[in-house]
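Biologist: I'd like to learn how to read a model like this one, feature by feature. Could you walk me through it?

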Amino acid sequence: MKANSSDRPVIRPLPVMDRARQVTDALADYVEEARLKAGDRLPAERELMAALAVGRSTIREAIRHFQALGVIETRKGSGTYLLKPVSRATIHMPLSLDTVHLRDALLQTLEVRRGIECEAGMVAARRRTSTDLVVIEEKLDAMERVHLEKGTSGPEDLAFHLAVYDATHNPLFRQLLEQMRETFERFWEHPFDRQDFARRSFPFHRTLFDAIAAGDPEAARAETLKILDIVEEDIKEMSK
């Protein structure tokens, strides 16, 4: 007896791959196939743009990803150099969540975020430089501007938190976020189809910046917890 075709699972179209991810994969393949070693120079930015047919911003995003992982460094006026061998297997370590319920996935990732982001805020408050503060405030201003225009500011919010991570001067914070980013974005992009998700946390990003600028680690931790506590409240309320 033939199975009814309507009972068969649907094979869905593949999603369009992120261009920066494609560039990252291509660069990893190049390093592996060219057998580059630590200290070897990577192709110039213009050469990569021409070879991969992508814009400068895409190339730079991929480069920042490798820098966050600590596998390359850019030397002003000289170029970009490999610090350690890299392959596709070493640049993508996606997290796996064994859950089909969005609410559970959000709460599980929130537990991880709470530990990392509180510590990052405290370390940033102790180590930030004047240059770090300029960058963080620029990201915060952009976030506030977009939030007031649209009522939401996901990419700008991420850029703000990345700037806080960079102000720790500990590359592991950004590396951890980069490794978790794919999983986090999958679950945290407009949860429950609510544009107002965690909107109440918006003002506390400014007070978090103020705490970091004041060099007050405990205040930075407290303001981070205010943000994440509101996120947890909205998860529980909006998932009812």
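Modeller: Sure, let's start with Lys 236, which is partly exposed at a relative accessible area of 37%. That label runs between two cut-offs: buried means under 20% relative accessible area and exposed over 50%, with a 1.4 Å probe and protein chains only. Before we go on, keep in mind that this is a predicted model, where local features need pLDDT of at least 70, side-chain atom pairs count only at pLDDT 80 or more, and totals for chains, interfaces and linings use all residues. Residues are numbered from 1 along each chain as its sequence is written, and side-chain values use heavy atoms, with hydrogens and water left out.

Biologist: Which residue does Lys 236 form a salt bridge with?

Modeller: A salt bridge needs a side-chain nitrogen of Lys or Arg within 4 Å of a carboxyl oxygen of Asp or Glu. Here Lys 236 pairs with Glu 232, and their closest N and O atoms are 2.9 Å apart. The two sit 4 residues apart in helix 10, so about one helical turn separates them. Helices, by the way, are DSSP runs of H or I with at least four residues, and strands are E runs of at least two, numbered from the N terminus.

Biologist: What other salt bridge does Glu 232 form?

Modeller: Glu 232 also forms one with Arg 114, again with 2.9 Å between the closest N and O atoms. Glu 232 lies in helix 10 (residues 217-238) and Arg 114 in helix 5, so this pair ties together parts that are 118 residues apart in sequence. Glu 232 counts as partly exposed at 22% relative accessibility, and Arg 114 is partly exposed too, at 21%. Add Asp 229 and you have a network of salt bridges linking Arg 114, Asp 229, Glu 232 and Lys 236.

Biologist: Are the residues in the bridge between Glu 117 and Arg 113 buried or exposed?

Modeller: Buried: Glu 117 has a relative accessible area of 9%, and Arg 113 has 13%. Their side chains meet at 3.0 Å, N to O. Both belong to helix 5 (residues 102-127), 4 residues apart, so this is another spacing of about one helical turn. How many salt bridges does the structure hold? The count is 14.

Biologist: Let's try helix 6. What does Glu 137 touch there?

Modeller: Contact means heavy atoms within 4.5 Å. Glu 137 is found in helix 6 and, leaving out residues up to four places away in sequence, touches Arg 206 and Phe 209. With Arg 206, the side chains are joined by a polar contact of 3.2 Å. That term covers a pair of N or O atoms within 3.5 Å; within protein, one must be able to donate a hydrogen and the other to accept it, and residues adjacent in sequence count only if both atoms are side-chain atoms. Glu 137 is partly exposed at 31% relative accessibility. Glu 144 lies in helix 6 (residues 130-150) as well; Glu 144 counts as buried at 19%, and touches Phe 202 and Arg 206, with the same sequence neighbours left out.

Biologist: And how do I read a nonpolar core?

Modeller: In soluble globular proteins, nonpolar side chains tend to be buried together. A core here is a set of buried Ala, Val, Leu, Ile, Met, Phe, Trp, Tyr and Cys residues joined through side-chain atoms within 4.5 Å. The largest one has 18 residues, and Val 23, Leu 27, Val 31, Ile 59, Phe 66, Ile 72 and Leu 82 touch the most other members. Helix 1 (19-33), helix 2 (45-52) and helix 3 (56-68) are the elements that give two or more residues to this core. A second, separate core of 17 residues includes Leu 140, Met 143, Phe 160 and Ile 227.

Biologist: Which residues of helix 3 are buried?

Modeller: Those are Thr 58, Ile 59, Ala 62, Ile 63, His 65, Phe 66 and Ala 68. Beyond four places in sequence, Ile 59 is in contact with Val 23, Glu 45, Leu 48, Met 49, Leu 52 and Val 54. Just after helix 3, Gly 70 takes a positive phi of about 75°.

Biologist: And the whole chain: how many helices and strands does it have?

Modeller: The protein chain has 10 helices and 2 strands, running α-α-α-β-β-α-α-α-α-α-α-α from the N terminus. Of its 240 residues, 41% are buried. Among contacts between residues at least 6 apart in sequence, 72% join residues at least 24 apart.
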